[in-house]
Amino acid sequence: MTTTVKSAAKRYEPTIHNVRYGIKGILLYLLPLPALITAIGSLMRGDVMATLVTGGVFAAFMVGASVARHGFRLEGEYERRKIARAPSTPFKTVAAIIISTATGVLDWWSSDYAMSGILPAVLIGAATFLGFALYYGLDPRKDKAGNISIGVTIEEVLDALDAANVKIDAIEQARRQIPNPEFNARLQRITSKAREVLTSIEDDPTRLSRARKFLKVYLDGTQRVTEGYARTHQGEKAVALETNFSRVLDSIEQTFAEQQAKLLEDNHFDLDVQIEVLETQLKREGVL
């Protein structure tokens with residue numbers, strides 16, 4: 001009899017997540033357009049200094065916007081996860097400094113570099129930094145520990161999750177090189193399941209000890225077979241290769257679904273048994 005196990009973990013929805021953080025900060029590219037128009041006008045008038053200043057300021061705004069959007073993406077990943085490291089580089093803060101400095105320079109330039117214009121320029125720059133911080137916020141600085149309990153440290157959990165995410169990303173990258181829609185869809189389901197397992201570990205880090213071998217066998221095997229198939233299947237249709245790949249995906253997909261349920265049931269014995277079965281099958285298919 002099959003037991004249905006409900007996880008409290010939210011299903012990973014990469015599309016919504018990517019769209020949300022893909023559009024955040026677009027305004028940072030649009031608001032400085034007057035500086036570009038001014039630079040073009042100065043160039044047409046032959047005003048070299050004004051062209052250099054306004055063109056340089058516009059370039060600084062673009063750099064700041066790109067740095068900020070990278071910080072937004074890191075922040076989005078940090079917010080999505082229950083256990084996560086704070087970004088090692090404060091990209092949003094760096095972007096705020098670049099944009100506020102560019103704004104101050106632009107204001108000082110508009111006063112013809114007058115000494116009396118320095119203080120207002122500094123205040124304008126400070127106000128810009130404050131406005132950025134209030135609207136977008138600054139970077140998270142503390143690691144998120146989640147429900148870390150005795151027997152496992154946050155470093156162990158984060159290292160394992162980071163390693164697993166690298167493998168999942170590699171599978172996704174290889175998947176995008178595979179033109180077969182069926183294989184693409186199945187690999188998407190597999191990586192989605194894998195991310196759900198990572199989320200369940202974040203929910204209860206004590207599951208990590210039981211999931212280590214499972215994640216290693218499953219993700220390593222899937223990464224190898226997917227990358228191998230993507231590398232050797234460049235536009236050529238080899239029936240035997242497609243059949244073998246399809247069979248391996250069947251095994252991985254089915255076994256992984258069972259293992260996820262066992263993991264959530266805390267059934268350690270069944271988990272190890274099923275892992276051995278999958279490992280044997282992957283070796284037989286030449287994946288491991």
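**Largest nonpolar core**

I began with the largest nonpolar core of this predicted model, a set of 32 residues in which Ile178, Leu187, Ile201, Leu215, Tyr218, Leu219 and Phe245 touch the most other members. I then asked which elements give two or more residues to this core, and found α7 (154–175), α8 (181–203), α9 (208–232) and α10 (239–265). The element that gives the most is α7, with nine residues.

I looked up isoleucine 201 in more detail: setting aside neighbours within four places in sequence, I find isoleucine 201 in contact with Leu161, Arg207, Leu208, Ala211 and Leu215. Apart from the largest core lies another one, of 17 residues, and I noted Val57, Ala65, Ala95 and Ala102 among them.

**Asparagine 184**

I next turned to asparagine 184, which is found in helix α8, and asked whether this residue is buried or exposed. Its relative accessibility is 15%, and asparagine 184 therefore counts as buried, the cut-off being under 20%. Not counting residues up to four places away in sequence, asparagine 184 touches Arg175 and Ile178, and I had already listed Ile178 among the residues of the largest core that touch the most other members.

**Alanine 102**

From the other core I picked alanine 102, which lies in helix α5 and counts as buried because its relative accessibility is 5%. Which residues are in contact with alanine 102, once neighbours within four places in sequence are left aside? I find Val57, Ala60 and Phe61. For Ala60 I also checked the backbone: the C-alpha atoms of alanine 102 and alanine 60 are separated by 6.3 Å, although the two residues are 42 residues apart along the chain.

**Helix α6**

I then followed helix α6, which runs over residues 118–136 and has 19 residues. From its first C-alpha to its last, α6 reaches 27 Å, close to the 27 Å expected at 1.5 Å a residue. Its buried residues are Ala121, Gly125, Phe132, Ala133 and Tyr136. These residues cover an arc of only 115° around the axis, so they are on the same side of α6. I kept in mind that an α-helix has 3.6 residues a turn, so residues three or four places apart point the same way.

On the face of α6 turned away from the buried side I find the exposed residues Leu119, Leu123, Leu134 and Tyr135. What covers the buried residues of α6 includes α2 (27–30), α4 (48–80) and α5 (91–110). After α6 comes glycine 137, and I noted that its phi is positive, near 80°.

**Annotated spans**

In the unreviewed UniProt entry, I read that the annotation "transmembrane region" covers residues 21–42, 48–68, 89–106 and 118–138. I checked two of these spans against the model. Residues 89–106 are 89% helix and 0% strand, with end C-alpha atoms 27 Å apart. Residues 118–138 are 90% helix and 0% strand, and there the end C-alpha atoms lie 26 Å apart.

**Whole chain**

Last, I looked at the protein chain as a whole, which has 11 helices and zero strands. Of its 288 residues, 42% are buried. Among contacts between residues at least 6 apart in sequence, 76% join residues at least 24 apart. I closed with the accessible surface, which comes to about 15800 Å², with 61% belonging to carbon and sulfur atoms.

Note on methods
Residues numbered from 1 in each chain as written. Predicted model: local features only at pLDDT ≥ 70, side-chain atom pairs only at ≥ 80, totals over all residues. Heavy atoms only, no water. Core = buried A, V, L, I, M, F, W, Y, C linked by side-chain atoms within 4.5 Å. Buried < 20%, exposed > 50% of the residue type's maximum accessible area, 1.4 Å probe, protein only. Helix = DSSP H or I, 4+ residues; strand = E, 2+ residues; numbered from the N terminus. Contact = heavy atoms within 4.5 Å. Expected span 1.5 Å × (residues − 1). Arc of directions from axis to C-beta. Areas by Shrake-Rupley, 256 points an atom, 1.4 Å probe, with all protein chains shown as cover. UniProt positions renumbered as here; feature names shortened; annotations may be inferred.
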